[in-house]
Amino acid sequence: MTQNKPLTVPAEEVKSCCANVYESDWARLLLGDSFHPGGLALTERLGELLRLGPGKRVLDVAAGKGTSAIFLARRFGCKVVGVDYSGRNVAEAVRAAEEAGVAGLVSFQQGDAERLPFEDGKFDAVVCECAYCTFPDKAAAAREFHRVLRPGGSVGLSDLTRAGEAPPELRTLLAWVACLGDARPVEEYAGHLEAAGFIHLSVEAHDEDLGEMVRGVRAKLLSAELMSKLGKLMLPVGNLDQAKQMARAAATAVEQGSLGYALLIAVRG
Ligand SMILES: C[S@@+](CC[C@H](N)C(=O)[O-])C[C@H]1O[C@@H](n2cnc3c(N)ncnc32)[C@H](O)[C@@H]1O
């Protein structure tokens with residue numbers, strides 16, 4: 001099932017906006033260090049399903065501030081390269097890896113998921129958490145995941161999924177980069193992976209993790225508003241109202257079962 005595109009925005013504008021949002025202090029205030037539902041517990045699940053271990057070469061696409069890449073290297077002993085569109089996130093991730101003492105296992109570089117700056121067959125596993133749904137050309141990103149994996153390597157995506165039409169509050173650029181506006185049915189993600197040449201696809205639902213994240217974000221938005229009324233925090237007022245409307249619409253969609261979170265694993269055929 002395909003639904004209407006929420007809005008038409010040039011692809012590079014979507015990517016830059018997404019990078020700007022997730023490098024901002026606001027993202028950290030509302031989401032903490034790990035920018036996806038389920039946090040590092042779900043990252044660990046992804047690593048187990050991908051059978052990561054010492055000696056494995058892993059690419060984390062859209063690695064954000066490096067939290068998952070650092071965690072995977074520590075937990076599984078694998079080597080991880082993180083790539084992100086945002087130069088500021090890459091710089092922060094490099095610092096975080098040095099501080100965590102894993103700079104020998106983890107590195108980061110700037111790049112676009114739709115045009116990965118790596119040679120063919122370089123990695124044993126590709127992970128991409130809570131970012132695939134923001135890529136304007138999802139089919140191209142799936143083909144890139146396939147290209148940079150060795151034959152028999154695995155991809156693990158975790159992302160928002162949608163059933164049915166998005167309400168108007170979730171058809172904005174902000175909603176798109178908040179992973180809400182262009183979330184698609186899980187079958188559509190699976191279709192992109194299979195069209196790119198992936199096989200043995202499996203899906204796990206983790207909708208409850210999304211519900212928890214949305215509740216957390218709504219609570220933080222309310223406390224940010226309160227702090228601002230007390231004069232203790234400067235807020236971009238228009239954005240706060242929009243963010244509150246968006247979070248309310250997301251909470252309703254999660255309750256109604258039209259927004260969810262899924263983990264997809266597949267093997268490079
Ligand atoms: C919701 S955050 C997820 C970050 C990280 N994967 C995590 O789970 O903590 C989305 C990330 O995708 C990055 N991003 C957006 N479009 C991208 C693209 N085309 N290529 C690479 N990174 C991209 C953003 O800069 C941001 O860091």
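## A mixed seven-stranded sheet and its helices

Visitor: What order do the seven strands take in the sheet, and what is the pairing?

Guide: The seven strands make an open sheet in the order E3-E2-E1-E4-E5-E7-E6, with mixed pairing; strands here are DSSP runs (E, at least two residues), helices are DSSP runs (H or I, at least four), both numbered from the N terminus, and two strands pair if DSSP finds at least two bridges between them. The edge strands, each pairing on one side only, are E3 (106–110) and E6 (198–205), and from one strand to the next the twist averages 20 degrees.

Visitor: Before we go on, what kind of model is this?

Guide: This is a predicted model, in which local features need pLDDT of at least 70 and side-chain atom pairs count only at pLDDT 80 or more, while totals for chains, interfaces and linings use all residues. Residues are numbered from 1 along each chain as its sequence is written, and side-chain values use heavy atoms, with hydrogens and water left out.

Visitor: OK, how many bridges join E1 to E4?

Guide: Strand E1 (residues 57–61) and strand E4 (residues 123–129) run parallel and are joined by four bridges, with Asp 60 standing opposite Val 127 of E4. On the E5 side, E4 and E5 pair in the parallel sense over six bridges, and there Val 127 stands opposite Gly 156 in E5.

Visitor: And in which sense does E7 pair with E5, and with E6?

Guide: E5 and E7 pair in the antiparallel sense over nine bridges, Asp 159 standing opposite Ala 262 in E7. E6 and E7 also pair in the antiparallel sense, over six bridges, and in that pair Glu 204 stands opposite Leu 263 of E7.

Visitor: How many residues of E5 and of E7 are buried?

Guide: Eleven of the 14 residues of E5 are buried, so E5 is largely enclosed by the rest of the structure; buried means under 20% relative accessible area, exposed over 50% and partly exposed in between, with a 1.4 Å probe and protein chains only. E7 is mostly covered, nine of its ten residues being buried.

Visitor: Which strands does H3 lie across?

Guide: Helix H3 (residues 39–49) lies across E4, E5 (149–162), E6 and E7 (259–268), and runs at about 25 degrees to E7; the axes are lines fitted to C-alpha atoms, for helices over the stretch in contact, and angles run from 0 to 180 degrees between N-to-C directions. Helix H5 (residues 87–99) also packs on the sheet, where it touches E2 (79–84) and E3, its direction making about 165 degrees with that of E3; contact means heavy atoms within 4.5 Å.

Visitor: At what angle do H3 and H4 pack?

Guide: H3 and helix H4 (residues 67–76) pack at about 55 degrees with their axes 10 Å apart, and are therefore oblique to each other. Angles under 35 degrees count as roughly parallel, over 145 as roughly antiparallel, 65 to 115 as roughly perpendicular and the rest as oblique.

Visitor: Which residues meet there?

Guide: On the H3 side they are Leu 40, Thr 43, Glu 44, Gly 47 and Glu 48, and these meet Thr 67, Ser 68, Phe 71, Leu 72, Arg 75 and Phe 76 in H4.

Visitor: Take Thr 43, then: buried or exposed?

Guide: Thr 43 is buried, with a relative accessible area of 1%. Leaving aside neighbours within four places in sequence, Thr 43 is in contact with His 36, Ser 68, Phe 71, Leu 72 and Glu 129.

Visitor: Switching to H9, how far apart are its end C-alpha atoms?

Guide: They are 34 Å apart, which agrees with the 33 Å that the 23 residues of H9 (residues 207–229) should span at 1.5 Å a residue; the expected span is 1.5 Å times one less than the number of residues. Among the buried residues of H9 are Leu 210, Val 214, Val 217 and Leu 221, and just after H9, Gly 231 takes a positive phi of about 75 degrees.

Visitor: Which residues other than glycine have a positive phi?

Guide: Among them are Cys 179, with phi near 70 degrees, and His 200, with phi near 50 degrees. Most residues other than glycine have a negative phi. Cys 179 lies in the loop between helix H7 (173–177) and helix H8 (186–196) and is buried at a relative accessible area of 2%, whereas His 200 lies in strand E6 and is exposed at 61%.
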